[in-house]
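Okay, thanks for making room for me. I'll put the structure up and then walk through the fold, one helix and a few strands.

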Amino acid sequence: MRDYHQNYKKIKKISKAELHLHLDGSITPAFMIHMSKCLEGEAEKGGGFLLPPELRENERLLRSKIVATHCDNLLDYLDKFFYPLWATQTRYMMTQSVINIAEQLHNDNVTYFELRFAPTLHMRCGLGIAEMIHAAIDGLQTTKELFGIEGRLILIAMRQEGPSVANYIVREVQQHWCNAFKDYIVGFDAAGYEMIDPKLFRSAFQMAKRIGLMTTFHIGENCPAYMIGDVIDRIQPDRMAHCYRAVDDKGIMRALKDSDMVVELCPSSSFHTGSVKHKHLFPIRYMLDFGIPVVVCSDNLTVSNTNLTNELCFISDFVDEFEMRNIIGNGFRYAFDYSGAIEPIRTEDGGIVTEIEMEDR
Ligand SMILES: [Zn+2]
């Protein structure tokens, strides 16, 4: 499976599930410019959400400021989200952002996706957490009508904002709980600066679990391996994101395996954040040989300039056909919503290319 173009064509045809995708890192530069232009008339009202004029006129320049090519570390990578966040601050922008991303996913034959965002990063225009979530849900409902694909939401607490903000997000969700939230919010996550003790977020995660949300946790991109162990012990999420530094400590690898959690691996972003220094060091083979289940995801369509087919093509150098099918199947098997959004993996002509034991979930 070493020919990239052949692989790409083949994998693109397969229905796929995207489980780790950030809203702000996945809207296109053209969309950001379009949003700014739509809202130019509002600028005098003190909106503060328009791109600077030189970027509003130059998609190439804007793209160069967003796409991660030479990041030194995770914080450098996160800095790439500065401009995208200017295009996601009103109810309309949020709804349209979701549609913009879903269209890209649809073109890549993704049939189920879990989109994540930190509500507190989208409140610069004065909207509340619940309002922004409803705006995103509107986008998901439109997406279903337009493209026939199912999307769900994972809410993120940014670690650098502290545990009180994490608690606040969950409380807001709880207080505004309604049928739309029940249908579309499926998970809770922590992301951002890693060198903050994970156990500070324990109460937020416990609250999230109590209201029925599944959980995942960004860890192990730039932090020491023992912090991955702290998350496994103290937070006990349903899935783990990244965990690349686990390879530094066999004890942590064993803990991951024993936890039965699937690890969300995002190859392109792992290089962009400096988590994995060389492509041949990408730890998927090591994890699989250890018996750790993995799912492959895109992380950020724009900031990492990728899509799910491309990420799966990358791992084809490390896995055989059977493992590839299993990993694609894991996207459905480990999805947070089991309510009928799951479809069998099919080729373009409708044939099933792999048998996924859905009852294993
Ligand atoms: Zn991520």
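So, secondary structure: the protein chain has 16 helices and nine strands. Keep in mind this is a predicted model. Mean pLDDT for the chain is 89, and 90% of the residues come in at 70 or above. Among the helices and strands, where is confidence lowest, and where is it highest? The low end is helix H5, residues 74-78, with a mean of 82, while strand E5, residues 214-215, is at the top with 98. Then there's the stretch 354-361, where pLDDT stays under 50. For those residues the model has 13 contacts beyond four places in sequence.

Overall shape next. The C-alpha trace spans about 60 × 45 × 40 Å along its principal axes. A compact globule of 361 residues would have a radius of gyration near 21 Å, and this chain has 19 Å, so the two agree. Of those 361 residues, 49% are buried. And if you take contacts with a separation of 6 or more, 74% of them join residues 24 or more positions apart.

Okay, helix H7, residues 129-147. Quick sanity check: what should 19 residues span at 1.5 Å a residue? The expected figure is 27 Å, and the end C-alpha atoms of H7 are 27 Å apart, so that agrees. Buried positions in H7 include Ile129, Met132, Ile133, His134 and Ala135, and further along the helix there are Ala136, Ile137, Gly139, Leu140 and Thr143. What do they pack against? Three helices, for a start: H6 (91-107), H8 (163-175) and H9 (179-184). Strands E3 (150-158) and E4 (185-191) are partners too. Just after H7 you get Gly148, with a positive phi of about 70°.

That brings me to E4. Seven of its seven residues are buried, so E4 is largely enclosed by the rest of the structure. Which way do its pairings run, parallel or antiparallel? With E3, E4 pairs in the parallel sense over six bridges, and Met158 has Ala191 in E4 as its bridge partner. With E5, E4 is again parallel, over two bridges. There, Gly187 stands opposite Met214 in E5. To get from E4 to E5, the chain goes through helix H10, residues 202-210, and that β-α-β crossover is right-handed.

That's my tour; happy to rotate the view for anyone.

Methods: Residues numbered from 1 in each chain as written. Predicted model: local features only at pLDDT ≥ 70, side-chain atom pairs only at ≥ 80, totals over all residues. Helix = DSSP H or I, 4+ residues; strand = E, 2+ residues; numbered from the N terminus. Expected span 1.5 Å × (residues − 1). Buried ≥ 20, exposed ≤ 12 C-beta atoms within 10 Å, placed from the backbone. Contact = placed C-beta atoms within 7 Å. pLDDT = per-residue confidence, 0-100. Pairing = 2+ DSSP bridges. Right-handed = clockwise from strand over helix to strand, strands pointing away. Rg over C-alpha atoms; globule rule 2.2 N^0.38 Å.
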